[in-house]
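Hi,

Here is the structure I promised to pass on. Have a look at it first, and then read my notes below.

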Amino acid sequence: MSSNETPRGPVDSSRVPRYAGPATFARLPRLDEVGRADVAVVGVPFDSGVSYRPGARFGGNAIREASRLLRPYNPAQDASPFALAQVADGGDIAVNPFNINEAVETVEAAADDLLGTGARLMTLGGDHTIALPLLRSVAKKHGPVALLHFDAHLDTWDTYFGAEYTHGTPFRRAVEEGILDTSALSHVGTRGPLYGKQDLTDDEKMGFGIVTSADVYRRGADEVADQLRQRIGDRPLYISIDIDCLDPAHAPGTGTPEAGGMTSRELLEILRGLASCNLVSADVVEVAPAYDHAEITSVAASHTAYELTTIMSRQIAAARKDSEAK
Ligand SMILES: N=C(N)NCCCC(=O)O
Ligand SMILES: [Zn+2]
Ligand SMILES: [Zn+2]
C-alpha cells in the first residue's frame with residue numbers, strides 16, 4: 001500500500017453476520033486480494049516438533065475462527081489497527097509434516113519472501129519449533145534481535161531423542177546461531193518442573209533474564225512491562241508467545257500445560273505496556289484446539305495477536321508520518 005491509499009479493513013459485521021463466510025484473521029482481506037500488506041498474518045500448520053500432546057497444526061485456523069468477534073477499534077491502545085496500516089491474512093505456509101528439517105527450511109523461505117515485501121509478520125502457529133526459522137529470517141533483515149518470549153517453558157533445552165529442532169529447543173539454537181541480541185533476552189511466565197537446576201544455569205549463560213509467572217502475579221503487569229521496556233530499549237524486537245504462558249484455566253487448549261500461569265488479562269496488559277517498542281514481527285504458538293473448551297484458548301490467542309498487530313500498525317503509521325514530514 002502506498003502512503004496515500006486507504007487500507008482495506010475487515011468485513012463490516014453490521015452488514016455481514018460475523019459468523020458468515022470463511023474465516024480470515026479478524027475478517028481481514030486476504031493478502032492476494034490487496035496485493036501487499038504492512039502486516040501479514042500467516043498460519044504455520046505444523047506440530048511435528050511436539051514432545052507431548054499434538055494438535056497445534058490446527059491452531060492457526062482455530063485462532064482465525066475465534067477472531068471473528070474482534071472489532072476494528074482497540075480502546076486499550078486508542079488505535080484502529082486495520083485503518084492505520086494494511087493488515088491482511090496471508091493464508092498458511094504449507095510445510096512438510098513428515099520432515100522437520102525441511103519444514104524449518106520452508107518456514108524460513110516463506111518468511112524471507114514476506115519480509116522481503118516490507119511486511120511485518122504476525123505468525124499463528126503451529127508448535128514452538130517454528131520460532132527458529134522465523135527468527136532466522138527476521139535476523140537476516142534486522143540483524144540480531146531482542147527477544148521477548150512468553151512461555152511456561154524455557155525452550156532452551158538442547159535435544160529431544162537426539163533431535164535439534166523441536167518445540168523445546170528453538171531458543172538454544174537461535175542463541176547458538178548468533179541471531180539474537182543476547183543483551184536483551186527475556187522469558188516471561190516461566191514456571192513448573194524442570195529436568196534439573198542446570199536448565200536454569202544454562203539458560204542464564206545464554207543471556208536470558210526470567211520473569212516468572214509468580215513475579216508477574218506479585219509485581220503486577222505495569223511494573224513488569226516497565227522493566228522489560230527498559231531492557232529492550234530501541235532494539236528491533238521479536239515477541240514469541242507460547243499460549244501455555246497462560247494458566248490452563250485461561251488456555252486449556254495447548255500441548256504442554258503447566259499449573260500456576262498468568263491470566264489472559266496480565267498477558268494483554270503487559271503487551272499494551274510494550275506499545276512503544278520497535279516490534280518487527282511476532283508469533284503466537286501452541287494453540288491445540290482439540291483440548292480447548294468453548295474456544296477459551298483460541299479467543300485468548302486471537303486477542304493476543306490483535307494487541308501485537310495493533311502495536312505494529314501504530315508503529316508503521318508513525319514511521320509513515322515521520323517520513324512524510326521529511
Ligand atoms: N514449547 C512448549 N510448549 N513446550 C516445551 C516442552 C518441552 C518438554 O516436553 O520438556
Ligand atoms: Zn510452553
Ligand atoms: Zn514454547
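Let's begin with one contact in a sheet: in strand β3, the bridge partner of A40 is L121. This is a predicted model, where local features need pLDDT of at least 70, side-chain atom pairs count only at pLDDT 80 or more, and totals for chains, interfaces and linings use all residues. As for bookkeeping, residues are numbered from 1 along each chain as its sequence is written, chains are lettered from A and ligands numbered from 1 in the order in which they are written, and side-chain values use heavy atoms, with hydrogens and water left out.

**The strand β3**

Strands here are DSSP runs of E with at least two residues, helices are runs of H or I with at least four, and both are numbered from the N terminus. Two strands pair if DSSP finds at least two bridges between them. β3 (residues 120–125) pairs with β1 (residues 39–44) in the parallel sense, over six bridges. β3 also runs parallel to β8 (residues 278–285), joined by four bridges, and there L121 stands opposite S281.

Is β3 mostly covered or mostly open? Six of its six residues are buried, where buried means under 20% relative accessible area, exposed over 50% and partly exposed in between (1.4 Å probe, protein chains only). In a regular strand the side chains alternate between the two faces of the sheet. In β3, R120, M122 and L124 point one way, while L121, T123 and G125 point the other.

**The two zinc ions**

Donors are N, O and S atoms within 2.8 Å of the metal (3.2 Å for Na, K and Ca); water is not among the atoms, so sites may look incomplete. For the zinc ion (ligand 3), the protein donors are H128 (ND1), D151 (OD), D155 (OD) and D242 (OD), at 2.0 to 2.2 Å. D151 and D242 link distant parts of the chain: D151 sits in the loop between β4 (145–150) and α6 (170–176), D242 is in strand β7 (residues 236–242), and they are 91 residues apart.

The zinc ion (ligand 2) has protein donors from D151, H153, D242 and D244, lying 2.1 to 2.5 Å away. D151 bridges the two zinc ions, which lie 3.2 Å apart.

Why is the arrangement around the zinc ion (ligand 2) irregular? Its six donor atoms subtend angles of 56 to 163 degrees. Six donors count as octahedral if opposite donors are over 155 degrees apart and all others between 65 and 115; four count as square planar by those cut-offs, or as tetrahedral if all angles lie between 85 and 135 degrees, and anything else is irregular.

D242 counts as buried because its relative accessibility is 2%, and D244 because its value is 1%.

Cheers!
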